[in-house]
Amino acid sequence: MSDYPGKETFKLGFGYMRLPHLADGSNDIKQIYEMVDLFMEAGGTYFDTAYVYDGGRSEEALKASLIDRYPRSSYTVCTKMNAWLGKPSEQQTKRQLEISLKRTGLTYFDYYLLHALQPGNWKLYDEYGLWDYVAEQKQKGILKNIGFSYHADPELLDKLLTRHPEVDFIQLQINYADWDNPGVEARANYEVAMKHNVPITVMEPVKGGALANPINEVKAIFDSANENASYASWAIRYAASLDKVITVLSGMSSIDQMKDNLSYMRDFKALSGKEREVIKRAQLALAKDKSIPCTGCRYCVADCPSNIPIPDIIALRNAYAFDIDLSDAKKEYERITSGKGKASQCVFCHKCAHTCPQHLGVPKIMRECSIAFE
Ligand code: SF4
Ligand code: SF4
């Protein structure tokens with residue numbers, strides 16, 4: 001493997017996007033403490049959050065669970081500046097850095113990303129002068145490494161990396177299911193990053209949790225190869241085996257997930273040739289999966305004028321897609337949409353479709369779900 005900044009980083013990063021919550025919706029901070037302790041004890045160092053995650057509670061949880069409890073030299077923190085979610089002005093977007101520093105109590109960030117660039121929003125980062133802004137903050141020592149996270153095609157990625165050779169790293173969605181998926185183009189994006197010699201952090205290695213519980217055909221392939229390995233382990237080790245990976249982010253939501261991830265990442269070993277063959281068979285079998293590949297990021301929810309719980313409805317659709325009797329699904333649908341918008345209240349404004357990093361045709365999906373569940 002080649003040399004690159006971040007090469008020595010522990011290959012599992014702790015993503016603060018899907019933290020465990022209590023029944024009242026607040027962070028389950030006791031469980032998060034324990035997860036952090038297990039992670040740090042195993043040698044983990046990289047923590048990933050964002051200004052917009054959970055309305056700011058993710059950065060606050062990071063302060064309480066890590067920053068107030070561990071010496072600054074024992075970890076690195078990545079957070080992100082978002083120019084499009086909730087339509088902030090230029091000033092409001094720039095202020096996000098100051099607010100992130102305040103929320104976390106840090107004086108600098110080790111890694112900093114312009115958040116979730118894609119065709120509908122990347123020009124805003126130019127218009128607001130954010131590339132220069134983060135470069136200036138790096139000059140001042142407030143940011144140590146700058147980059148962007150990305151959810152679009154390899155052509156735009158090539159253009160951005162050509163225009164911005166100053167970036168130190170980028171964050172890409174990579175998992176074995178999306179490697180050749182034309183909607184994500186993980187392989188092609190990875191190859192563009194390598195062409196520009198830019199190290200990467202990996203997001204969605206388990207595809208929003210879907211690869212921790214894949215379709216039965218895929219489970220059977222993995223079980224016959226190694227019945228002791230979790231399905232998530234195949235996915236995370238796949239991403240971590242790529243060259244120039246700083247770390248693979250796992251948005252862990254429980255102590256059990258943390259323990260499982262650490263069991264194979266503590267002494268990480270890249271996939272063997274034989275294991276790569278197993279993954280190839282799983283990739284072929286996945287072609288039969290008809291689930292809608294929503295990762296549950298919830299970016300679409302904020303701007304929906306009808307307040308429709310889009311990812312919850314899609315998860316329901318995936319769970320019940322092949323059931324003939326939908327009576328249980330309909331009860332669950334009533335529960336998740338109670339006090340919120342129903343799929344039939346979609347006004348086809350397409351705001352969600354422009355926001356969705358997975359490029360899902362949400363309005364059409366809502367129409368299908370309204371027919372199935374209402
Ligand atoms: S298209 Fe429908 S689901 Fe999407 S944001 Fe508009 S109203 Fe909400
Ligand atoms: S529909 Fe798209 S934006 Fe909404 S939660 Fe799913 S992946 Fe995220």
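This report looks at the cavities and some salt bridges of a predicted model.

## About the model

Local features need pLDDT of at least 70 and side-chain atom pairs count only at pLDDT 80 or more, while totals for chains, interfaces and linings use all residues. Residues are numbered from 1 along each chain as its sequence is written, and side-chain values use heavy atoms, with hydrogens and water left out.

## Space inside

Let's start with the cavities. A cavity is a set of points, on a 1 Å grid over the protein atoms alone, where a 1.4 Å probe fits but cannot get out; its lining residues have an atom within 4 Å of a point. The whole structure holds four cavities of 30 Å³ or more, and the largest has about 100 Å³ of space. It is lined by 16 residues, and C304, I310, C346, C349 and C352 are the closest to its centre.

## Two salt bridges

A salt bridge is a side-chain nitrogen of Lys or Arg within 4 Å of a carboxyl oxygen of Asp or Glu. The search of the whole structure gives 22 of them.

In one, E98 pairs with R95, with the closest N and O atoms 3.8 Å apart. In another, D158 pairs with K195 at 3.0 Å between the closest N and O atoms. How do their surroundings look? Buried means under 20% relative accessible area, exposed over 50%, and partly exposed in between (1.4 Å probe, protein chains only). E98 is partly exposed at 42%, and R95 is partly exposed at 43%. D158 is partly exposed at 23%, whereas K195 is exposed at 57%.

Terms used: Chains are lettered from A and ligands numbered from 1 in the order in which they are written. On a 1 Å grid over the protein atoms alone, a cavity is a set of points where a 1.4 Å probe fits but cannot get out, and a pocket is an open set with protein on both sides within 12 Å along at least five of seven lines; lining residues have an atom within 4 Å of a point. Grid points are joined across faces, edges and corners, and a volume is the space filled by probe spheres set on the points.
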